[in-house]
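Reader: I would like a close look at a single part of this protein. Please keep it brisk.

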Amino acid sequence: MPTAPAHAERRRLPRYAAGAVEVPYTILGGQELMARDTYWAEHSHPTHELLWIARGASTATIGVRTWTITPIVGLWIPAGVPHSGLTPAGVWHRAAQFSTTRVAPPAREPVAVDITPLLRLLLDRAITAPLTPASRRITDAMILDVIEPSDHVLPLPHPDDPLLAPIFEAVTSDPSDGSSLETWAGRLGVSPRTLTRAFVARTGLTFRLWTATARAHRAVALLAAGEAVEDVAHEVGYASASAFSSAFRRVTGLTPGSFRRGEHAAQDPDPDASWPSSHA
């Protein structure tokens with residue numbers, strides 16, 4: 001399981017059961033421009049939560065999966081679900097809390113959500129605009145009408161198996177490591193078939209697809225930081241930008257160029273942006 005980097009600021013929030021706190025709103029949003037790498041220790045909310053990013057990329061870990069959150073793919077976390085997260089410095093981090101009594105969730109389990117241009121504008125309005133009660137009701141209703149699960153899912157399963165732990169550590173630390181299944185099998189003293197079965201049993205993915213997903217996770221963060229596609233391709237272990245683009249699209253449903261175009265959709269953040277005092 002991922003742990004907090006030693007240099008990161010640690011933040012602790014309470015653990016709440018779903019609906020444990022009655023809230024006086026339908027949707028309440030907040031934002032923060034992160035000054036430091038920040039690790040959010042495992043916590044849970046009494047409300048449903050939608051996480052998305054206006055600039056950059058972050059991750060959230062739920063159980064044995066880590067999800068990458070970007071400006072174009074957010075994450076819906078149902079109320080009461082424990083999760084932790086890592087938000088790098090410079091990320092423009094946003095979240096919205098949804099009442100459990102007033103909102104029918106788009107999913108009962110954690111799920112990726114497309115942050116479409118329309119949804120982004122509505123969420124921006126909900127967070128930043130001084131709305132009358134009538135405008136607030138209309139905006140909330142429109143958000144609930146357009147929010148829906150995404151096909152661009154990017155969760156990285158953590159193989160909970162001592163046999164696979166060295167591979168997880170090596171590939172997540174250095175996605176350019178191109179060691180093959182056969183090479184790893186030799187290092188670990190097992191057959192390739194045994195390793196393949198372990199990967200499918202523990203992650204639901206083949207070794208090849210799991211390593212491609214791990215590389216895509218790192219690539220998203222690098223692209224979000226503004227690195228060129230060619231440089232990112234090299235850093236995550238691909239011989240060419242075209243090979244990287246094909247692999248990235250197979251995993252995420254997007255080309256690296258499409259991701260970067262979505263990345264620059266947001267305006268510069270308000271330097272005074274902060275979480276509302278009622279954020280849980």
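How many bridges join strand β7 to β10, and do the two run parallel or antiparallel?

Author: This model is predicted. Four bridges join β7, residues 73-77, to β10. The two strands run antiparallel. Look for Leu75: Ala112 in β10 stands opposite Leu75.

Now widen the view to the sheet. It is open and has five strands. Their order is β2-β9-β4-β7-β10, with antiparallel pairing. β2 (27-33) and β10 (111-114) are the edge strands, and each of them pairs on one side only. From one strand to the next, the twist averages 25°.

Helices pack on this sheet too. Take α1, residues 117-128, which touches β2, β4 (48-55), β9 (92-98) and β10. The direction of α1 makes about 90° with that of β2. Then comes α2, residues 133-146, which also packs on the sheet. α2 touches β2 and β9. Its direction makes about 80° with that of β2.

For a helix with two faces, turn to α4, residues 181-188. Leu181, Trp184 and Ala185 are buried there. They sit on the same side of α4 because they cover an arc of only 105° around the axis. In general, an α-helix has 3.6 residues a turn, so residues three or four places apart point the same way. The face turned away from the buried side of α4 carries exposed residues: Glu182, Gly186 and Arg187. What covers the buried residues includes α3 (165-173), α5 (192-203) and α6 (207-224). Just after α4, Gly189 takes a positive phi of about 75°.

Methods
Residues numbered from 1 in each chain as written. Predicted model: local features only at pLDDT ≥ 70, side-chain atom pairs only at ≥ 80, totals over all residues. Heavy atoms only, no water. Buried < 20%, exposed > 50% of the residue type's maximum accessible area, 1.4 Å probe, protein only. Arc of directions from axis to C-beta. Contact = heavy atoms within 4.5 Å. Pairing = 2+ DSSP bridges. Axes fitted to C-alpha atoms, helices over the stretch in contact; angles between N-to-C directions.
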